[in-house]
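Q: Could you pick one strand in this model and walk me through it closely? I'd like to know where its side chains go and what it pairs with.

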Amino acid sequence: MTLANKQAQDAMRLPAEQLYRDEIEALIKEDKGAVPPGWQMSPRAVLKYITGGKAGKLDITPKYIGNRRLVEMAIATLVTDRALLLIGEPGTAKSWLSENLSAAVCGNSGLVVQGTAGTTEEQVRYSWNYAMLLANGPTPEALVRSPIMRAMENGSIARFEEISRCASEVQDALISILSEKTVSVPELGSETSARKGFSIIATANTRDRGVNEMSAALKRRFNIIVLPSPSDLETELSIVKKRVGEIAASYQLQAAPPADEALLKVVTIFRELRSGMTLDRKEKLKSPGGVISTAEAISLLTNSMALAASFGSGELTDEDLAAGLQGAIVKDDDKDKLVWKEYLDNVMKKRGSEWRGLYQACRELNE
């Protein structure tokens, strides 16, 4: 085994272009469609990579389970010179879709700016190696290109995660880049122009509205697609089951996958607490203050599998699920603990014998 293969095998998380390398290669090999400049496959092949299908005899696993038309709109945006903004609640697969679109289009999902309150304009444009700058002054060798600048040079896609968490001056640095498709370096008297294929996929969290609201000028530079939460119970069950299986395999968890009954219980609890209503629409509920998202359900189940593998028999028990539910739902102790207690006593307790074990395990932890 080569060193590169050993490092990839030991990686906690592989980028999408490595994780699904066989699928990408198979799609490129069979692709008969027109490939846009800078892309490695046609838009139809990208759609098949994202939504699933077959490439020859190879099954292409769906990366996004949801509205197919939204994916088509996202891909069509990237064919043009418009940037793409994916907006949604936490856990609606914005980052996952962004990563896989980049992997399929240009084979590199790693050109990422992570938006935070501390993100600076330099991280959007360029900075300097200050040791080299002090020694030799501004030179091309001292220039540190941002992920966006490197994407422009290569004609590939840059990703901007959680753009609405950045200060307004950082967001505004994008306006000229998206409008002029250039980055000027006055210190060198040079200018980098974007090659064909360059685009930006940004994500924004609806929970962050009001943190650093995007300006109208910046919004006009994006095609905006809102990713909804899973529309029905069956869709959310499919997403959770698929991702739990993938993550458990990646971490090599020595535990049996959750039974369909356990998956149904967790997803039911999450959907009811998220919506503030029981699935039969007969009873209103209080919602906890934290995020009760599909991603949280996936994390809860994988953590419960780790508990079962490390300290149990390897079979997921009600006690393992209860521990995960307690940690996922009770974030703001006083308020969330009361909300969870009311749900246990007013909803779960009344659901009959098949829910009794989970109810007892959750009740013991919440006392």
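A: Before we start, a quick bit of terminology: two strands count as paired if DSSP finds at least two bridges between them. Also keep in mind that this is a predicted model.

Let's take strand E7, which covers residues 157–161. Five of its five residues are buried, so the strand is largely enclosed by the rest of the structure. As for where the side chains go, Ile 157, Arg 159 and Glu 161 point one way, while Ala 158 and Phe 160 point the other way. Both sets are buried, the charged-looking names Arg 159 and Glu 161 included. In this context, buried means under 20% relative accessible area.

Now for the partners. Strand E4 (residues 112–114) is joined to E7 by three bridges, and the two run parallel. E7 is also joined to strand E10 (residues 199–205), this time by four bridges, and that pair runs parallel too.

Phe 160 is a handy residue to follow across these pairings. Opposite Phe 160 stands Val 113, and in E10 its bridge partner is Ala 202. Phe 160 itself is buried, on the side of E7 that Ala 158 also points to.

If you carry on along the chain from E7, you come to helix H9, residues 168–180. Its 13 residues reach 19 Å from the first C-alpha to the last, close to the expected 18 Å. Buried residues in H9 include Val 170, Leu 174 and Leu 178. Just after the helix, Lys 181 takes a positive phi of about 55°.

Definitions and conventions: Residues numbered from 1 in each chain as written. Predicted model: local features only at pLDDT ≥ 70, side-chain atom pairs only at ≥ 80, totals over all residues. Heavy atoms only, no water. Expected span 1.5 Å × (residues − 1). Buried < 20%, exposed > 50% of the residue type's maximum accessible area, 1.4 Å probe, protein only.
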